[in-house]
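This briefing goes through a ligand site and one strand with its partners. Please look at the sequence and the structure first.

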Amino acid sequence: MIIVATGAVSAATAALKFGINYGQIANNLPQPTQVSGLLQSLNVNRVKLYDADPAVLTAFSGTGVEFIVSNGDLNNLSDARSALAWVSQHVQPFLPSTRITCVVVGNEVLAPGGDPAAMQSLLPAMQAVHQAVADLGLGAQVSVSTAHSADVLAASYPPSSGAFREDLAPYVRPVLDFLAQAGSPFLLNAYPFFAYKASPATVSLPYVLFEPNPGVVDPATNLTYDNMLYAQIDAVYAAMNAVGHADIAVKISETGWPSKGDEDEVGATVQNAALYNGNLMKRIATGQGTPLKPDVPVDVFVFALFNEDMKPGPASERNYGLFYPNGTPVYNLGFDGASFSRSPTSTFSSSSRPTVRKKVPTAY
Ligand SMILES: *[C@@H]1O[C@H](CO)[C@@H](O)[C@H](O)[C@H]1NC(C)=O
Ligand SMILES: *[C@@H]1O[C@H](CO)[C@@H](O)[C@H](O)[C@H]1NC(C)=O
């Protein structure tokens with residue numbers, strides 16, 4: 001049974017997007033058809049998948065829900081024939097009845113101390129997938145990008161000082177050239193939670209939670225920032241601008257806040273998670289941009305729809321979800337009583353496992 005969210009809440013969530021992880025990080029997630037119903041009841045119209053599960057893509061056929069799919073197998077994708085095989089098996093068959101609009105090639109591949117072989121193969125893999133998409137005549141519908149952690153930045157505060165790490169520049173610059181040429185967005189996974197967890201004594205909780213606060217002024221631009229997420233987005237714009245790319249849009253491919261954590265994970269509470277995701281949702285619904293780009297609505301994917309009981313790492317990793325796997329809300333986000341039943345058997349295969357969020361904050 002699906003209890004449909006109230007009208008007012010539906011409007012506020014219409015622009016929200018969620019990440020769903022099936023497969024190896026949870027063994028008890030609901031059936032794709034049930035998830036499809038839940039998302040539609042919440043008016044969620046865009047979803048990011050951490051793989052390209054055919055069961056999920058099929059379940060959303062004809063729903064109009066927009067999908068970002070992912071593949072992290074860079075070795076395989078770097079080969080033109082393999083890339084073509086993957087796109088023709090995992091993307092093409094579902095179009096146009098399932099709306100797949102973007103392929104994310106690799107998640108947080110470019111990172112300090114990252115695997116040099118993987119960092120080297122990222123661009124060729126993106127290029128091969130892009131070529132495959134074009135060869136299959138899907139270029140107008142499907143863009144190709146990759147998702148970055150905030151670790152690609154050496155500086156992010158104040159936002160105008162945003163700069164990419166020098167050691168990653170040889171990899172980042174050609175990727176930016178590719179994104180600009182392909183008209184693809186720069187995707188950022190951003191977790192203000194990590195900044196707060198690392199320095200709870202110095203980072204303002206209202207500032208990271210979108211709660212009322214005086215804000216901070218960027219002395220170089222005089223722009224006032226009242227939240228860390230928008231500051232991080234503008235830091236990426238500044239970093240791209242500094243290397244000659246004013247021509248790429250920034251989108252948040254992951255953000256979220258855990259409702260529970262280990263003892264040393266300060267700030268991981270139900271109250272903070274509800275404030276972060278609820279306030280973010282209200283902001284997104286206004287269509288407001290960042291201080292630097294006030295006319296460009298912020299595009300955000302919330303991580304995650306469900307808690308993921310098998311995810312490794314600290315307790316917070318298993319508690320980013322808005323819902324328990326059985327469909328009951330972890331906290332009240334304003335979705336009045338939204339819930340649904342789940343079938344006892346629900347297992348899905350997955351070809352990729354997203355990385356554990358382990359980033360050290362680079363912002364304020
Ligand atoms: C590469 O990807 C293709 C398409 O998904 C698949 O058929 C093939 O088995 C993969 N090859 C390897 C070595 O993983
Ligand atoms: C910022 O504001 C100060 C004080 O009003 C002014 O002197 C300065 O020129 C401004 N800087 C910019 C970049 O607008």
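In this predicted model, ligand 1 is surrounded by Asn76, Ala85, Trp86 and Gln89. The protein covers 43% of the 360 Å² of accessible area that ligand 1 has on its own. The second topic is strand β5, which spans residues 143-149.

**Around ligand 1**

- Asn76 has a polar side-chain atom that lies 2.4 Å from an oxygen atom of ligand 1.
- With three residues, helix α5 (residues 80-90) gives the most to the shell around the ligand.
- By residue type, this shell holds two nonpolar residues, two polar ones and no charged ones.

**Burial of strand β5**

- Strand β5 is mostly covered, and seven of its seven residues are buried.
- Cover is found on both faces of β5.
- One side carries Ser143, Ser145, Ala147 and Ser149, and the other carries Val144, Thr146 and His148; all of them are buried.

**Pairing of β5 with β4**

- Strand β4 (residues 99-107) pairs with β5 in the parallel sense, over four bridges.
- In this pairing, Ser143 of β5 has Cys102 opposite.
- Together with helix α6 (residues 116-135), β4 and β5 make a right-handed β-α-β unit.

**Pairing of β5 with β8**

- Strand β8 (residues 186-189) runs parallel to β5 and is joined to β5 by three bridges.
- Leu187 in β8 stands opposite Ala147, a residue that is buried on one side of β5.

Methods: Residues numbered from 1 in each chain as written. Chains lettered and ligands numbered in written order. Predicted model: local features only at pLDDT ≥ 70, side-chain atom pairs only at ≥ 80, totals over all residues. Heavy atoms only, no water. Near = heavy atom within 4 Å. Polar contact = N/O pair within 3.5 Å; in protein donor to acceptor, adjacent residues only side chain to side chain. Areas by Shrake-Rupley, 256 points an atom, 1.4 Å probe, with all protein chains shown as cover. Helix = DSSP H or I, 4+ residues; strand = E, 2+ residues; numbered from the N terminus. Nonpolar A, V, L, I, M, F, W, Y, C, P; charged D, E, K, R; others polar. Buried < 20%, exposed > 50% of the residue type's maximum accessible area, 1.4 Å probe, protein only. Pairing = 2+ DSSP bridges. Right-handed = clockwise from strand over helix to strand, strands pointing away.
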